Amino acid sequence: MMKRRSLIKAFALSATVVSMGFAWSAQAADTIKVGIMHSLSGTMAISETPLKDVALMTIDEINAKGGVLGKKLEPVVVDPASNWPLFAEKARQLLTQDKAAVVFGCWTSVSRKSVLPVFEELNGLLFYPVQYEGEEMSPNVFYTGAAPNQQAIPAVEYLMSEDGGSAKRFFLLGTDYVYPRTTNKILRAFLHSKGVADKDIEEVYTPFGYSDYQTIVSNIKKFAAGGKTAVVSTINGDSNVPFYKELANQGIKATDIPVVAFSVGEEELRGIDTKPLVGQLAAWNYFESIDNPTNAKFVADYRAYAKAHNLPNAATVVTNDPMEATYVGIHMWAQAVEKAGTTDVDKVRAAMAGQTFKAPDGFTLTMDQTNHHLHKPVMIGEVEENGQFSVVWQTDQPVRAQPWSPYIAGNDKKPDHPVKTAQ
């Protein structure tokens with residue numbers, strides 16, 4: 001009898017455990033995990049932390065409307081800490097342990113290059129929200145930031161125009177990694193095509209986290225003595241703060257030596273005295289100052305989110321281009337999942353082709369049918385005293401990305417669709 005009772009108890013306990021297991025599985029299946037992979041510490045935290053915040057805001061927005069496929073999105077946030085190899089480890093963790101259906105993340109190209117083999121090996125899906133150097137197309141990445149023909153090339157064309165100061169000499173200053181070096185390789189070839197000689201092009205690179213720009217800014221002034229000069233800055237992260245402070249210290253004004261930046265937006269200018277920088281330039285595909293109802297709501301929603309979640313300096317938060325690209329990317333992915341009826345990567349990838357979204361930049365953006373890049377408008381803004389940008393030039397319509405720059409030899413033979421061996 002005792003034995004029979006023990007067996008009954010054991011069976012009941014086993015059934016309870018099994019039922020708890022099923023309940024846990026059902027509960028887990030009720031959410032769709034979404035990876036957020038940005039540096040929240042280290043030299044890139046100044047730029048990447050707001051992308052994490054806007055991603056969480058967007059997920060909340062989607063969940064408030066019922067989620068995706070009737071399930072709530074569950075964000076899984078990781079901090080690779082501006083450590084490029086750690087990005088790969090965190091990507092593998094998100095895909096294998098956390099079972100993330102998609103990952104939104106990275107800023108620098110070196111971090112993207114670090115995670116790319118992981119996403120391709122495991123057939124994960126990465127949405128990359130920052131301008132980059134091109135020369136890449138992966139079936140496992142959707143690029144919602146700008147390719148060179150959507151930012152760098154138009155910016156330099158503007159500098160060479162009468163409105164941009166008719167520059168004849170170019171000081172290419174960047175952080176020492178793949179994005180600045182490849183972008184400047186493209187720009188040098190472009191400048192050659194416009195008749196600019198090598199003696200009128202200077203390239204200088206500094207490490208991540210660099211802060212002593214006194215000598216470099218002095219050399220910019222000396223270089224500018226040889227003719228109308230513009231600076232093209234691909235400095236990334238918190239090094240932008242000491243660079244712009246040094247420009248002010250040495251009295252460089254936009255009317256004398258214009259600087260166009262590709263990685264400086266509203267967030268990087270927060271906390272800097274921008275009065276000496278008035279008129280300096282940035283090339284992006286979005287600025288917070290754009291006046292339209294969609295952007296007004298985007299900005300207001302982010303400010304409300306910052307206040308509700310007690311973000312640091314919540315009263316002065318700003319939006320910027322990579323934040324908008326993050327917002328657009330998450331919404332497009334959600335639309336693609338609804339269209340596919342599943343989070344299966346292969347089916348979502350197919351459903352992403354031709355997705356459209358009314359963006360805060362004022363345009364309806366389209367994900368290209370073949371090359372995994374957004375069609376984006378190009379804008380050039382001037383720094384104002386309040387740290388915002390006034391748009392001084394922009395395209396009439398979104399521009400189709402050219403991932404393979406025509407200024408790099410042999411690119412005319414590259415396919416216009418992502419393949420496993422894109423490089």
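Strand 12 and strand 13 form a hairpin with 6 residues between them, and His-372 in its turn has a positive phi of about 65 degrees. Helices and strands here are DSSP runs numbered from the N terminus, a helix (H or I) having at least four residues and a strand (E) at least two. His-372 takes this positive phi although it is not a glycine. Is His-372 buried or exposed? At 7% relative accessibility, His-372 counts as buried, where buried means under 20% relative accessible area, exposed over 50%, and partly exposed in between (1.4 Å probe, protein chains only).

All of this comes from a predicted model, in which local features need pLDDT of at least 70 and side-chain atom pairs count only at pLDDT 80 or more, while totals for chains, interfaces and linings use all residues. Residues are numbered from 1 along each chain as its sequence is written, and side-chain values use heavy atoms, with hydrogens and water left out.

The two strands of this hairpin run antiparallel, with 2 bridges joining strand 12 (residues 364–367) to strand 13; two strands are said to pair if DSSP finds at least two bridges between them. Across the hairpin, Met-367 stands opposite Leu-374, and Thr-366 stands opposite His-375. On its other side, strand 12 is joined by 3 bridges to strand 11, again antiparallel, and Lys-358 stands opposite Thr-364 there. Strand 11 and strand 12 also form a hairpin, with 5 residues between them and with Gly-362 in the turn at a positive phi of about 100 degrees. Together the 3 strands make an open antiparallel sheet in the order 11-12-13. Strand 11 (356–358) and strand 13 (374–375) stand at the edges with a single partner strand each, so one side of each is left without a neighbour in the sheet. In a regular strand the side chains alternate between the two faces of the sheet. Strand 12 shows a covered face, made of Leu-365 and Met-367, and an uncovered one, made of Thr-364 and Thr-366.

Next along the chain comes strand 14 (residues 379–383), which is mostly covered, as 4 of its 5 residues are buried. Which strands does strand 14 pair with? Strand 10 (residues 281–284) is joined to strand 14 by 4 bridges and runs antiparallel to it, with Trp-284 opposite Met-379. Strand 15 (residues 389–394) is joined to strand 14 by 5 bridges, also antiparallel, and Glu-382 has Ser-390 in strand 15 as its bridge partner. Strand 14 and strand 15 form a hairpin with 5 residues between them, and Gly-387 in its turn has a positive phi of about 85 degrees.

The helical part can be illustrated by helix 8 (residues 240–249), whose buried residues are Asn-240, Val-241, Phe-243, Tyr-244, Glu-246 and Leu-247. An α-helix has 3.6 residues a turn, so residues three or four places apart point the same way. What covers the buried residues of helix 8? The cover includes helix 2 (45–64), strand 6 (169–175), helix 7, strand 8, strand 9 (259–261) and helix 9 (266–269), with contact meaning heavy atoms within 4.5 Å. Just after helix 8, Gly-251 takes a positive phi of about 70 degrees.

Two loop residues add further detail. Gly-227 sits in the loop between helix 7 (214–224) and strand 8 (229–234), and at 30% relative accessibility it counts as partly exposed. The C-alpha atoms of Gly-227 and Lys-168 are separated by 6.6 Å, although the two residues are 59 residues apart along the chain. Lys-99 lies in the loop between helix 3 (84–97) and strand 3 (102–105). Its phi is near 55 degrees, a positive value in a residue other than glycine, and at 59% relative accessibility Lys-99 counts as exposed.

Finally, the protein as a whole contains 12 helices and 15 strands. Its radius of gyration, taken over C-alpha atoms, is 24 Å, close to the 22 Å that the globule rule (2.2 Å times the number of residues to the power 0.38) gives for 423 residues, so the protein is as compact as a globular protein of that length. Of the 423 residues, 56% count as buried. Residues 24 or more positions apart account for 69% of the contacts with a separation of 6 or more.
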